[in-house]
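Let's walk through this model with a few questions and answers. Have a look at it first, then read on.

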Amino acid sequence: MSGEPIAVEADGVSKRYGEVWALRECAFTVPAHRVVALVGANGAGKSTLMSIISGMLPATGGTVRVNGRTVARGRGEAAHAGGRVAILAQDKPLYRDFSAADMLRFGRSTNRVWDQRRATSWLARFDVPQDRRCGRLSGGQRTQVALAVALGSRPELLLLDEPLSHLDPVARTEVIGELMGEAADTGMTVMLSTHIVAELAGVSDHLLLLAAGRPVLAGDVEELLAGHTRLSGPRADLPPSPGAIVSAQHTARQSTFVVRTPDAAAATPVVAPGWNAQPLSLEDLVVTYLKSSAATRTSTEAAA
Ligand SMILES: Nc1ncnc2c1ncn2[C@@H]1O[C@H](COP(=O)(O)OP(=O)(O)OP(=O)(O)O)[C@@H](O)[C@H]1O
């Protein structure tokens, strides 16, 4: 990633709600012009992180920069939006009595930069009636209105918090395809959180995985996939090739390890006789890390 422009840079970002630490000392970078998947278990801190990046929510500590400009400073100082950032939060902020056309007018009046054609063509693309009040649109149609408003503001960074949850499978695929096209055409960076990891394959090229408020895996998807291997073979305490053990499962006769090799170039392991090496899919990789983070947390809590 060296030399690539950076869209988001987080340095020691923490967020506390009363007694609950939603984020702890998060440090990561997100390259620009990518479609970034933000994944994590329920309560991992994804929505909190997106709200802080958008400038809507001040961090308790640490700094976030968007396209080089500071967005939020620690200790509750006022947040300042850096560059053009649009966020589509989980509870889409639409006025129920406004029509879709009214929402676009609202978008035009509240954004310094506005592209009406981009917003209306998005609604037309997904057959959303512009004259119907938002309160009478379906959940999926409301998502499309919120997306149209977000895209109309021509964001450099588009943050989408579970944008796909209300969409039917066909609309999900189409929205993802359209967003990838928009990202490629305009150079915007898209960061989207989702629990439907299978649909991210071939879509997101960068991954950020949060567990209990901390990033546990971050990087280029292809490099991460190339750097992990599933090894299965006869029962053994250790895998037959070097690397950090991400997960280990044993039966009476068999062991299966997911191993991270330090250098992607060395990802083709020398496998001992009787062992089988398999690459991981993106979904496998995410699920493996989610499970191993949950297991680590449970054993830490049990020890405490
Ligand atoms: N306003 C709030 N007040 C108190 N605690 C909060 C608040 N918002 C979030 N939290 C807590 O902060 C933690 C992170 O929540 P967050 O909504 O960011 O997680 P998430 O990864 O987006 O979860 P999900 O996948 O379920 O949407 C959770 O423990 C949650 O209960």
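**Around the ligand**

In this predicted model, the ligand is surrounded by Tyr 17, Val 20, Ala 22, Gly 40, Asn 42, Gly 43, Ala 44, Gly 45, Lys 46, Ser 47 and Thr 48.

Q: Which element gives the most to the shell around the ligand?
A: Strand E2 (20-31) and helix H1 (46-54) are the elements that give two or more residues to this shell. The top spot, with three residues, goes to H1.

Q: How many residues of the shell around the ligand are charged?
A: Let's sort them by type. Six residues of the shell are polar and four are nonpolar. Lys counts as charged, and Lys 46 is in the shell. The number of charged residues there is one.

Q: How many of the residues of H1 are buried?
A: The buried residues of H1 run from Lys 46, Ser 47, Thr 48, Leu 49 and Met 50 to Ser 51, Ile 52, Ile 53 and Ser 54. The helix is largely enclosed by the rest of the structure, because the buried count is nine of the nine.

Q: Which residue follows H1?
A: Look just past the end of the helix for a residue whose phi is positive, near 90°. That residue is Gly 55.

Q: Is Leu 290 buried or exposed?
A: Leu 290 sits in helix H7 (residues 282-303). The cut-off for a buried residue is 20 or more other C-beta atoms within 10 Å. Leu 290 has 20 of them, so it counts as buried.

Q: How far apart in space are Leu 290 and Arg 69?
A: In sequence, Leu 290 and Arg 69 are 221 residues apart. Going C-alpha to C-alpha, their separation in space is 32 Å.

Methods:
Residues are numbered from 1 along each chain as its sequence is written. This is a predicted model: local features need pLDDT of at least 70, side-chain atom pairs count only at pLDDT 80 or more; totals for chains, interfaces and linings use all residues. Helices (H or I, at least four residues) and strands (E, at least two) are DSSP runs, numbered from the N terminus. A residue is buried if 20 or more other C-beta atoms lie within 10 Å of its own, exposed if 12 or fewer, and partly exposed in between; C-beta atoms are placed from the backbone. A residue is near a molecule or strand if its C-beta atom, placed from the backbone, lies within 6 Å of it.
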